[in-house]
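Q: I am new to this structure and would like a close look at a single part of it, followed by a walk through its surroundings.

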Amino acid sequence: MAEALRIGIAGLGTVGASVARVLRDKSAELTRQCGREIVVTAVSARDRSRDRGVDLGGAKWFDDPIELAEKADIDVFVELIGGDEGAARSCVSAALDAGRHVVTANKALLAKHGVALAEVAEKKGVLLNYEAAVAGGIPVIKTMREAMAGNSVNRVFGILNGTCNYILTRMEAEGLTFEACLKDAQRLGYAEADPTFDIEGNDTAHKLAILTSLAFGTRIASDDIYLEGISNITQADIRAAGELGYRIKLLGVAQRTESGIEQRVHPTMVPTASVIAQVHGVTNAVAIETDILGELLLSGPGAGGNATASAVVGDIADIAKSRPGFQHGPVFGRPAKELRPYKKAQMRSHAGGYFIRLTVHDRTGVFAAIAKRMADNDISLESIVQHANGSDGATQKTVILVTHETTEAAVRKAVDGVTKDGHLTDKPQVIRIERAG
Ligand SMILES: NC(=O)c1ccc[n+]([C@@H]2O[C@H](COP(=O)([O-])OP(=O)(O)OC[C@H]3O[C@@H](n4cnc5c(N)ncnc54)[C@H](OP(=O)(O)O)[C@@H]3O)[C@@H](O)[C@H]2O)c1
């Protein structure tokens, strides 16, 4: 049997401790599958005295993860600290510079420095594996990088943040407000004390940036993502979506268009009958549309110790199975130096259907004025519905428009026009509709 593969783990929190536990509990099975033993020989975290709930046996403790990366007797450095700078970036760089394979779950780090790190890994002839960085336990990186060779991707989209999907699912199922659902998500540990990163779409954007690079062979461009979170989604939107046969999801979408690649994260209406609309709660899903395969949808647990550890351990097992001298495949599917510059499609040229909800004064001529603004911008309407707000004597109405395919620029111009006409009593709500099978 080949020599044991020696692992160093930096970060022993939710994911790190789970990885150590799985490697220990599944040791015999992993040895059979990989043809060699996998042994944790070194670990690092901040607090040496904390009980991690797992026997770390003879692993050597390092207070400094960079020292672990550079000096420990290891073959694979596993980074589970998190963050795009600081300790995580320094120790991953140090491990690659030292010619060690790296496994990480750190989407923030890869979204910002992934291409530069991949260049080092490829120059050194080592692996940089990151299955857990996108959609937790769902094997989407492997699928896109290995199983879809020869396919040209047209669009990749998904539910990439469990916190947002949990909130939207409960808002719809129980008629609760956004704020009430967010509080519950925090109480149950699905959302951080500061949930901004999740609910404003940044976490989804990091994962989308990685998927875009894999899908289109472009350099990662996480600063070029159109971003809108879910904090302004109301019960009125959820109810109207339901009545029209849609469900609201926070999607990350990357799509090839004539003018470049769109990367966008925003609340999206998907047909209630579509497969992605059936993805509830904290579950994640990724849909990939290609020329050869058609549409593939993967769904499963996107976070949590065990699910994430499953992906990290899979990455470690791949390294255990690789043989010395074997040429490793490139980190983002193409050699990092050959990744093309990202050509951004402007959001204003985005083409699609739109849901527009307007709260207006209940007076003569308003409806006609709205219809005129739409017609002036060549927007053709699939449906237009109006509701009186409240009972007799209400002075406001809600007007809900669903457009046929049009452009973002046209919708913005039309809605600006309606706003200038002075008919609105509240901020207009605009939600993009996404085609989904
Ligand atoms: N949690 C999930 O469900 C999930 C899912 C997918 C991906 N991820 C990614 O996995 C990574 C880890 O997430 P997590 O949830 O496990 O985080 P976590 O529970 O906060 O754990 C972070 C760990 O890093 C250690 N650490 C922090 N700064 C350090 C430093 N300077 N030197 C050494 N150790 C340091 C902490 O030490 P102490 O314990 O001593 O404080 C802790 O053990 C992140 O990149 C995250 O985005 C997480």
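Where in the chain is aspartate 378 found?

A: In this predicted model, aspartate 378 is found in the loop that runs between helix H13 (366-376) and strand E14 (381-388). The backbone of aspartate 378 has a phi near 60 degrees, which is a positive value in a residue other than glycine. That deserves a remark because most residues other than glycine have a negative phi. Aspartate 378 has 70% relative accessibility, and it therefore counts as exposed, the cut-off for that word being over 50%.

A second residue makes a useful companion here. Alanine 135 is not a glycine either, yet its phi is positive, at about 60 degrees. Its place is again in a loop, in this case the one between strand E6 (128-129) and helix H6 (140-147). The surroundings are another matter, for alanine 135 has 0% relative accessibility and so counts as buried, whereas aspartate 378 counts as exposed. A positive phi also appears in glycine 217, where the value is near 70 degrees, and this glycine follows helix H10.

Helix H10 itself covers residues 202-216, and its 15 residues reach 21 Å from the first C-alpha to the last, close to the 21 Å expected at 1.5 Å a residue. Of those 15 residues 14 are buried, so H10 is largely enclosed by the rest of the structure.

To place these parts in the whole, it helps to turn to the domains. The domain assignment divides the protein chain into domain 1 (5-137 + 305-338), domain 2 (142-301) and domain 3 (350-433). Between the C-alpha centres of domain 1 and domain 3 there are 51 Å.

Some further residues fill in the picture. Glycine 353 is found in strand E13, which spans residues 351-361, and with 15% relative accessibility glycine 353 counts as buried. Along the chain, 35 residues separate glycine 353 from alanine 388, and their C-alpha atoms are 25 Å apart. Threonine 104 is found in strand E5 (residues 101-104) and is buried, with a relative accessible area of 1%. The side chain of threonine 104 makes a polar contact, at 2.6 Å, with the side chain of glutamate 79. Leucine 244, by contrast, has its place in the loop between helix H11 (235-243) and strand E9 (246-257), and its relative accessible area of 27% makes it partly exposed. The C-alpha atoms of leucine 244 and alanine 105 are separated by 39 Å, with these positions 139 residues apart along the chain.

The ligand remains to be described. Of the 23 residues around the ligand, those that come nearest are Leu12, Val15, Asp47, Arg52 and Gly304. By class, this shell has 10 nonpolar, eight polar and five charged residues. Oxygen atoms of the ligand also lie at short listed distances from polar atoms of the protein: a polar backbone atom of glycine 304 is 2.7 Å from one, a backbone N or O atom of threonine 14 lies 3.0 Å from one, and an N or O atom in the side chain of arginine 50 is 3.1 Å from one. On its own the ligand has 900 Å² of accessible area, and the protein covers 78% of it.

Technical notes. Residues are numbered from 1 along each chain as its sequence is written. This is a predicted model: local features need pLDDT of at least 70, side-chain atom pairs count only at pLDDT 80 or more; totals for chains, interfaces and linings use all residues. Side-chain values use heavy atoms; hydrogens and water are left out. A residue is near a molecule or strand if one of its heavy atoms lies within 4 Å of it. A polar contact is a pair of N or O atoms within 3.5 Å; within protein, one must be able to donate a hydrogen and the other to accept it, and residues adjacent in sequence count only if both atoms are side-chain atoms. Accessible areas come from the Shrake-Rupley method with a 1.4 Å probe; for residues, only the protein chains shown count as cover. Ala, Val, Leu, Ile, Met, Phe, Trp, Tyr, Cys and Pro count as nonpolar, Asp, Glu, Lys and Arg as charged, and the others, Gly among them, as polar. Helices (H or I, at least four residues) and strands (E, at least two) are DSSP runs, numbered from the N terminus. The expected span of a helix is 1.5 Å times one less than its number of residues. Buried means under 20% relative accessible area, exposed over 50%, partly exposed in between (1.4 Å probe, protein chains only). Domain bounds come from an automatic or database domain assignment.
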